[in-house]
Amino acid sequence: GTFELHSVLGKIHVVNVVNIEEYLYSVVPSEMPSSWNIEALKAQAVASRTYTYYYLLKDDSRKIYDVDATTSFQVYKGIASETENSTSAVRATAGVIMVYNHAPILAYFHSTSGGKTADDKYVWKGDDLPYLEGVRCTYSKESPHYEWQLKLTVAEIETALKRKYSRVGRIRGISFKKYDDRVYEVEITHEQGTITMSGNDFRIMVSPSKLKSTYFRSEKRGGTLYISGKGWGHGVGMCQWGAKGRAEAGQDYSRILSTYYKGINFKKISNNYLAQMKGSGNHVN
C-alpha cells in the first residue's frame, strides 16, 4: 500500500493505506496461527473481512484512519506476518462477508469458548444482536486455555480498582452475578461506596491475560479468591479453537461460521460495495 502523514497537535501520525484484501493477508495470520486447517483460516478471513466492513460503514469522517492495528480492533502486523497458507484462505474467500438483514454483521471472535459461547447482551450492556446468541462449542478442548486456575488477592483487585477509579476505599465485599455460568455483573462494596461493572470490564481491569474469561467460579479463602475458569476472551461469536476443531472434523468455513453466527447469510461483494452501501443509506449502526 501507501502511507499518509498527518500532523495532529504537533505530532506526525503515519497511516498505512491498503486495500481490504491485502490488509487481510496480514490480519488473518496475526489473529490465527497460519499452520491451522485451511477451512479454519477461511472462517477467520470471512469473519475479519465482515468485521472490517461493519466498522467502515460506521463512517466516522472525523478520524484520519479507519482502523488501528491492535487488539482494540484487529491485529495487523504488516507484510512480514503474511504466509502462503493464510493468504490462500483470504484469496479463496475473496469478497465473501456475512450479512444479517442485508448488512455486514458485527463478527466478534475470541480464542477459546471453554465449551459454550456467550450471548452478547450478557457481555456488553445495551447490546443484543440476534445473530450473537450463545451456542454450545465442544470442539475447543485442545486449547491450552480450555481450563485454567488463578489465585487473585483482594489487594490485587483493590490496586486495579484504584487505577480505574479515583476514590476507592478498602474493599468490604465482592459479589458475582452470573448467567449461563458466565459472570455478567460484578458488585464491589468498599469504604467509600459501591462500584458495579460488567463481568468483562472486571476481567479487563484485573488483567485479561490472568483472568482469561468471565466463565469462572470462585471461592474466597482469607484475602484470596481461588478461581477455576474456562476459555479465553470475551466469549462472543466465533471460537477460534472451536473453528480449528470443526475444520479438522471436516466442516467447511461456511458451516463453521453458521454455527457461531445465527441466522446469517453469505454475500460476495464487489469492489464498489462500500460506495453502494453508503449511497443507499444502508449504514450499520
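Q: Which is the crossing of H2 and H3 in this predicted model, left-handed or right-handed?
A: The crossing of H2 and H3 is right-handed. The name applies because the near helix is turned clockwise from the far one by less than a right angle.

Q: Why is H2 called oblique to H3?
A: The axes of H2 (residues 38-56) and H3 (residues 84-92) cross at roughly 60 degrees and come within 8 Å. An angle counts as roughly parallel under 35 degrees and as roughly perpendicular from 65 to 115. The crossing angle falls in neither range, so H2 is oblique to H3.

Q: How do you know that H2 meets H3, and which residues do so?
A: Contact requires heavy atoms within 4.5 Å. On the H2 side, Ile38, Leu41, Lys42, Ala45 and Arg49 take part. On the H3 side, the residues are Asn85, Ser86, Ser88, Ala89, Val90 and Ala92. By class, this contact has 6 nonpolar, 3 polar and 2 charged residues. Lys and Arg count as charged, so Lys42 and Arg49 belong to that class.

Q: What makes H2 oblique to H6?
A: Here the axes cross at roughly 140 degrees and come within 7 Å. Roughly antiparallel would need an angle over 145, and roughly perpendicular ends at 115. The angle lies between those limits, so H2 is oblique to H6. The crossing of H2 and H6 is right-handed.

Q: Which residues make the contact of H2 and H6?
A: H2 supplies Glu39, Ala40 and Gln44, while H6 supplies Gln240, Ala243, Lys244 and Ala247. The contact divides into 3 nonpolar, 2 polar and 2 charged residues. Glu39 and Lys244 are in the contact, and they are charged because Glu and Lys are on the charged list.

Q: Why is H1 called oblique to H3?
A: The axes of H1 and H3 come within 9 Å and cross at roughly 135 degrees. That angle is beyond the perpendicular range of 65 to 115 but not over 145, so H1 is oblique to H3. H1 passes H3 in a right-handed crossing. In the contact, Glu21, Leu24, Tyr25, Val28 and Pro29 of H1 meet Ser86, Thr87, Val90 and Arg91 of H3. These residues comprise 5 nonpolar, 2 polar and 2 charged.

Q: What makes a residue part of the lining of a pocket?
A: A lining residue has an atom within 4 Å of a point of the pocket. For the largest pocket, 25 residues line the space, and those nearest its centre are Glu31, Thr71, Phe109, His110 and His234. The volume of this pocket is about 760 Å³. H1 (20-31), S5 (109-110), H5 (199-206) and H6 (240-248) each supply at least two residues of the lining. By class, the lining has 12 nonpolar, 11 polar and 2 charged residues.

Q: What volume of space lies in the second largest pocket, and which residues are closest to its centre?
A: The second largest pocket holds about 500 Å³. Of its 18 lining residues, Val15, Asn16, Tyr65, Asp66 and Val67 are closest to the centre. The lining divides into 12 nonpolar, 3 polar and 3 charged residues.

Q: Which element supplies the largest share of the lining of the second largest pocket?
A: S2 does, with 5 residues. S2 (11-17), H1 and H2 each supply at least two residues.

Conventions
Residues numbered from 1 in each chain as written. Predicted model: local features only at pLDDT ≥ 70, side-chain atom pairs only at ≥ 80, totals over all residues. Heavy atoms only, no water. Axes fitted to C-alpha atoms, helices over the stretch in contact; angles between N-to-C directions. Helix = DSSP H or I, 4+ residues; strand = E, 2+ residues; numbered from the N terminus. 1 Å grid on protein atoms, 1.4 Å probe; cavity = no way out; pocket = protein on both sides within 12 Å on 5 of 7 lines; lining within 4 Å. Points joined across faces, edges and corners; volume = space filled by probe spheres on them.
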